[in-house]
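Reader: I'm new to this one and would like a close look at a single part. Could you pick a spot, walk me through it slowly, and then show me what lies around it?

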Amino acid sequence: MASRPTISKAVIPAAGLGTRFLPATKATPKEMLPVVDKPAIQYVVEEAVSAGLDDVLMITGRNKRPLEDHFDRNYELESALQKKGDASRLAKVQESSDLATMHYVRQGDPRGLGHAVLCAAPHVGHEPFAVLLGDDLIDPRDPLLQRMIEVQEQHGGSVIALMEVAPEQIHLYGCAAVEATAEGDVVRISGLVEKPDPADAPSNYAIIGRYVLDPHVFDILRKTEPGRGGEIQLTDALQQLATDEKLGGPVHGVVFRGRRYDTGDRGDYLRAIVRLACEREDLGPEFRTWLRGYVGQELTEG
């Protein structure tokens, strides 16, 4: 039996307008908002690279040029830091430009996640590939993407990251109907629905922003009509794959029980900064001391 292609390409849709963070995102892409001292998008690229995916295609749009600049060389800045002898900051500046082989394509019309993924077809070709949404940060100590790649290499088809959420929260997510397998963290997906009413949801398994996709998804996306919100939904295409294995293999889910930060939500964005800052060796000790004092004072005064 022929071996399955090794996954090497990651696609990161980053064409959204970031309206939940206005006015900060009026002139700055939401993906460039800092999480401690790195933009959120760099964490996502680092995750892809850690999983062995060093060919990264970013789907961008208008006013997203800072994303390209961040992962490019800045010779003037590097020269200034070299002259100052600031080796530490020079290394940080060069780190982003040395992470991966970066490619960019513009989505043009904002026609939904499914359309953004379809824009990657010429670059991806006929290989399975990963999709990482920029709003979801996965803690590097919880190697979700590596596990998803393992499952895809074992079963073929596509693999979707799932997370159990409270039933009243399921309307915020795509939702999966699942069947158990012999592996505790892997389920077979029999159906998908985008942001269902809680009463109609087939489960409390929510889709989070990591996918490993069979390239046949492109054939389906080309024929997919706009769905919820008038956009071409990736969930609708995956629903077809899940209900007809002949189209591109089975669809499995990896149930994630690790640490995830939704930087597309203002509250979770702030929590992500606090959590990651607390865990930093250079910032954590002093910051945790201040935080304990601040929280204690607030509770006392409250």
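Author: Let's start with a cut-off: a residue counts as buried when its relative accessible area is under 20%. Keep in mind that this is a predicted model. Our spot is A100, and its relative accessible area is 18%, so A100 is buried. You'll find A100 in the loop between α4 and β5. What does A100 touch, once its neighbours within four places in sequence are set aside? The contacts of A100 are V49, D54 and V56. For a sense of scale, take K26: 74 residues separate it from A100 along the chain, and their C-alpha atoms are 28 Å apart.

Now step back from A100 to the helix on one side of its loop, α4. Helix α4 covers residues 87–97, and helix α3 covers residues 75–84. In general, two packed helices are described by the angle between their axes and the distance between the axes. Here the axes of α3 and α4 come within 9 Å and cross at roughly 160°. An angle over 145 degrees counts as roughly antiparallel, and therefore α3 and α4 are roughly antiparallel to each other. The crossing of α3 and α4 is left-handed. Which residues meet there? From α3 come L77, E78, L81 and Q82, and from α4 come R89, L90, V93 and Q94. Sorted by type, the residues of this contact are four nonpolar, two polar and two charged.

On the other side of A100's loop is strand β5, residues 101–106. Follow the chain past β5 and you get to D109, in the loop between β5 and α5, which spans 113–118. Is D109 buried or exposed? D109 has 52% relative accessibility, so it counts as exposed. The C-alpha atoms of D109 and T6 are 32 Å apart, with their positions 103 residues apart along the chain.

Remember V56, one of the residues in contact with A100? Strand β4 is made of residues 55–60, and L57 sits in this strand. At 4% relative accessibility, L57 counts as buried. Leaving out neighbours within four places in sequence, L57 is in contact with A10, V11, I12, H103, Y104, V105, A120 and H123. L57 and V131 are 74 residues apart in sequence, and the distance between their C-alpha atoms is 9.5 Å.

While you're looking around, a few backbone oddities are worth a click. Most residues other than glycine have a negative phi, and most peptide bonds are trans. The bond joining L22 and P23 is cis, with omega about 10°. P23 is in the loop between β1 (9–13) and β2 (34–35). Then there's V36, not a glycine, with a positive phi near 65°. V36 is in the loop between β2 and β3 (38–39), and its relative accessible area of 24% makes it partly exposed. K195 isn't a glycine either, and its phi is positive too, at about 45°. Look for K195 in the loop between β10 (186–194) and β11 (205–213); with 34% relative accessibility, it counts as partly exposed.

One last stop, the cysteines. How many disulfides does a search of the whole structure find? Zero. C175 is buried at 0% relative accessibility, and C278 counts as buried at 14%.

Note on methods. Residues numbered from 1 in each chain as written. Predicted model: local features only at pLDDT ≥ 70, side-chain atom pairs only at ≥ 80, totals over all residues. Heavy atoms only, no water. Axes fitted to C-alpha atoms, helices over the stretch in contact; angles between N-to-C directions. Helix = DSSP H or I, 4+ residues; strand = E, 2+ residues; numbered from the N terminus. Parallel < 35°, antiparallel > 145°, perpendicular 65-115°, else oblique. Left-handed = near helix turned anticlockwise from the far one by under 90°. Contact = heavy atoms within 4.5 Å. Nonpolar A, V, L, I, M, F, W, Y, C, P; charged D, E, K, R; others polar. Disulfide = S-S within 2.5 Å. Buried < 20%, exposed > 50% of the residue type's maximum accessible area, 1.4 Å probe, protein only.
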